[in-house]
Amino acid sequence: MEKQWLQWAKELQAISQSGLAYSKNEFDIERFQRIREISVEIMSEYTQISNTKIRSLFANETGYQTPKIDVRAVIFNNNKILMVKEKKDMVTTWRIC
């Protein structure tokens, strides 16, 4: 069972991330940034990991918080393989090699 402090920190992180994604008001943005920082402080306090490290691992996402899912497959056809160039490479292309 997940520890209560961890559940609170994760919930604060999710709330702040969503708030930062959708807020336009500078005062709301300040409040959501502070909520995010509180979640980092909680994680750091209970794990003894630096705020900087926690922030880079735990609080670096932007946009609405959703589960990140990744599926991989290999497709062969007549001794050829379908190759995909990753989106992070800026252009997704498909080609048969």
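This note walks through helix α2 of a predicted model, together with the contacts that tie this helix to its surroundings.

1. Helix α2 is the natural place to begin. The helix covers residues 26–47, 22 residues in number, and from its first C-alpha to its last it reaches 32 Å, which is close to the 32 Å expected at 1.5 Å a residue.

2. The two ends of the helix each have a local feature that a new reader may wish to locate. At the start of α2, the backbone nitrogen of F27 has a side-chain oxygen of N25 within 2.7 Å, while just after α2 the residue Q48 takes a positive phi of about 65°.

3. Which residues of α2 are buried? They are R36, S39, V40, M43 and S44. Viewed down the axis of α2, these buried residues fall within an arc of 135°, so they line one face of the helix. The cover over the buried residues of α2 includes α1 (4–22) and α3 (51–58), whereas E45 and Y46, on the other side of α2, are exposed.

4. The loop before the helix deserves a separate look. S23 lies in the loop between α1 and α2, and this serine counts as buried because its relative accessible area is 15%, below the 20% cut-off for that class. A polar atom of the S23 side chain lies 2.7 Å from the backbone oxygen of G19. Leaving aside residues up to four places away in sequence, S23 touches D28, I29 and F32.

5. D28 also takes part in one of the three salt bridges that a search of the whole structure finds. Its partner is R31, with the closest N and O atoms 2.7 Å apart; both residues lie in helix α2, three residues apart, or about one turn of the helix. As background, residues three or four places apart in an α-helix point the same way, because there are 3.6 residues a turn. D28 counts as partly exposed at 28% relative accessibility, and R31 falls under the heading of partly exposed with 48%.

6. Another salt bridge joins R34 to E41, where the closest N and O atoms are 3.1 Å apart. R34 has a relative accessibility of 42% and so counts as partly exposed, and E41, at 33%, is partly exposed as well.

7. What do R55 and E37 form? They form a salt bridge, the closest N and O atoms being 2.8 Å apart. This pair links distant parts of the chain, since R55 belongs to helix α3 and E37 to helix α2, 18 residues apart. With a relative accessibility of 32%, R55 counts as partly exposed.

8. The remaining point concerns aromatic rings, for which a search of the whole structure finds one pair. W5 and Y46 make up this pair, which is stacked, with 4.5 Å centre to centre and 10° between the planes. Here too distant parts of the chain are linked, W5 being in helix α1 and Y46 in helix α2, 41 residues apart. W5 is buried, with a relative accessible area of 17%, whereas Y46 is exposed.

9. Taken together, these points show α2 connected to both of the helices named above. Its link to α1 includes the stacked pair of W5 and Y46, and its link to α3 includes the salt bridge between R55 and E37.

Conventions: Residues are numbered from 1 along each chain as its sequence is written. This is a predicted model: local features need pLDDT of at least 70, side-chain atom pairs count only at pLDDT 80 or more; totals for chains, interfaces and linings use all residues. Side-chain values use heavy atoms; hydrogens and water are left out. Helices (H or I, at least four residues) and strands (E, at least two) are DSSP runs, numbered from the N terminus. The expected span of a helix is 1.5 Å times one less than its number of residues. Buried means under 20% relative accessible area, exposed over 50%, partly exposed in between (1.4 Å probe, protein chains only). The arc is that of the directions from the helix axis to the C-beta atoms. Contact means heavy atoms within 4.5 Å. A polar contact is a pair of N or O atoms within 3.5 Å; within protein, one must be able to donate a hydrogen and the other to accept it, and residues adjacent in sequence count only if both atoms are side-chain atoms. A salt bridge is a side-chain nitrogen of Lys or Arg within 4 Å of a carboxyl oxygen of Asp or Glu. Rings of Phe, Tyr and Trp (its six-membered ring) pair if their centres lie within 6.5 Å; planes under 30 degrees apart count as stacked, over 60 as edge-to-face and the rest as tilted.
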